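Reader: Please take me slowly through one part of this model, and give the cut-offs behind each term as you go.

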Amino acid sequence: MALPGRDLPLQKLHVPWQQTHSVGAGLFNLGNTGFVNSVLQCLTHTAPLASYMLSRQHSQSCVQQGFCMMCTLQAHVHEVLSCSGSAVSPEGVISQLPRIGQHFQLGNQEDAHEFFYYAMDAMQRACLSRDSDWNTSQASRVIDQVFTGFLQSRGTFQRYNGIFDSICGKQLLVHSSMASTSIAVRIGCCNGQRQVTTIGIHNCLCLFSRCKQLTRVAKRLTIHHCPNILTLCLKRFDPFSGRKINSVVKYPAYLHLGAYMSEAPEIPLIYSLYAVLVHQGHSCYEGHYYCFVKASNGRWYKMDDESVVPCDTKTVLSQQAYLLFYTR
């Protein structure tokens, strides 16, 4: 079974910027909307997504009735990238918050990572017409081609030398546990799953049941297929108290992923940092969001609501990052 979206051609979709634009406009805060503004700025400066939006390909063939997240974001990207040096209102997106996520309401402080997740899901849903299949819809492949990666989870039963693999995918998100050096990887809602077994999983369960003893299992998560845009989310909030985790996590301007692949890549897999989203505050219930983006002109800018200020790479790499965006 072919992995969904793994070998899709990049038809009319360009990973690098095809045209140099000035940095986009700032966004007015409409009342605790910093979490939306920061995510929108990162998406607006995601080259393959922005290039697709600027081509207006989606709106020309959109069959969505009523609200469409792709059309909404397309209008937003056009306005922001055509108004460099000024600030615009993101009212087109803010007014649709409850349709992006039912629990989002204007004026409430929300989590930027959660909004990013719901926005991605809304874009995927907007690309699917009533009679389109998830895996065959040409439109839905746009989001898959930009953001989707696949992980391989391998477990080894040491007592019986059994091995089981599972491969599943959708948007790849990496959560770093600040309390230790371990890395935990979480997958968004899977659009496909594949089981490949050396010993059948049922056999493993039978062996476990028969011996009636706990047995050691070594488990390893690796990247099976790299996305064009890699998004990393660092765990910044305690899951029980909601308090901010202020541990320092250093991140590079260029990230090499070869060592984390299921199989050694034929060519080096190098990713370049292009956006950093930051949360400023003491807990998940309050604070302020802003971000740093690399524009198509190759320069870094701090995007803090309506403020757009140039900055250097050293400043970008010294932030207490919450979300990191890398391009392949």
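Author: What follows begins with the whole chain and then turns to one helix, one of its residues and the neighbouring helices.

This is a predicted model, in which local features need pLDDT of at least 70 and side-chain atom pairs count only at pLDDT 80 or more, while totals for chains, interfaces and linings use all residues. Residues are numbered from 1 along each chain as its sequence is written, and side-chain values use heavy atoms, with hydrogens and water left out.

The mean pLDDT (the predictor's confidence in each residue, from 0 to 100) is 77 for the chain, and 74% of its residues reach 70 or more. Over residues 1–11 the pLDDT is below 50, and this stretch has 21 contacts (heavy atoms within 4.5 Å) in the model beyond near neighbours in sequence. Residues 170–199 also stay under 50, with 90 contacts beyond four places in sequence.

The secondary structure comprises 10 helices and 14 strands, where helices (H or I, at least four residues) and strands (E, at least two) are DSSP runs numbered from the N terminus. Of the 328 residues in the chain, 48% are buried; buried means under 20% relative accessible area, exposed means over 50%, and partly exposed lies in between, with a 1.4 Å probe and protein chains only. Among contacts between residues at least 6 apart in sequence, 67% join residues at least 24 apart.

The part to look at closely is helix α1, which spans residues 34–44 and includes Ser 38. Ser 38 counts as buried because its relative accessibility is 2%. A polar atom of its side chain lies 3.3 Å from the backbone oxygen of Phe 35. Not counting residues up to four places away in sequence, Ser 38 touches Ala 112, Leu 277, Tyr 289, Tyr 290 and Cys 291.

Ala 112 leads on to helix α7, residues 112–126, which packs against α1 at an angle of about 55° with the axes 9 Å apart. Axes here are lines fitted to C-alpha atoms, for helices over the stretch in contact, and angles run from 0 to 180 degrees between N-to-C directions. The two helices α1 and α7 are therefore oblique to each other, given that angles under 35 degrees count as roughly parallel, over 145 as roughly antiparallel, 65 to 115 as roughly perpendicular and the rest as oblique. Their crossing is right-handed, a term used if the near helix is turned clockwise from the far one by less than a right angle, with anticlockwise making a left-handed crossing. On the α1 side, Phe 35, Val 36, Ser 38, Val 39 and Leu 43 meet Ala 112, Phe 115, Phe 116 and Met 123 of α7.

Helix α7 has a further partner in helix α4, residues 69–81, where the angle is about 115° and the axes are 7 Å apart. That angle makes α4 roughly perpendicular to α7. Here Met 69, Met 70 and Leu 73 of α4 meet Ala 119, Ala 122, Met 123 and Ala 126 of α7. Met 123 thus appears in the contacts of α7 with α1 and in those with α4.

Helix α2, residues 47–54, is mostly covered, with 7 of its 8 residues buried, among them Leu 49, Tyr 52 and Met 53. Just after α2, Arg 56 takes a positive phi of about 60°.

Definitions and conventions. Polar contact = N/O pair within 3.5 Å; in protein donor to acceptor, adjacent residues only side chain to side chain.
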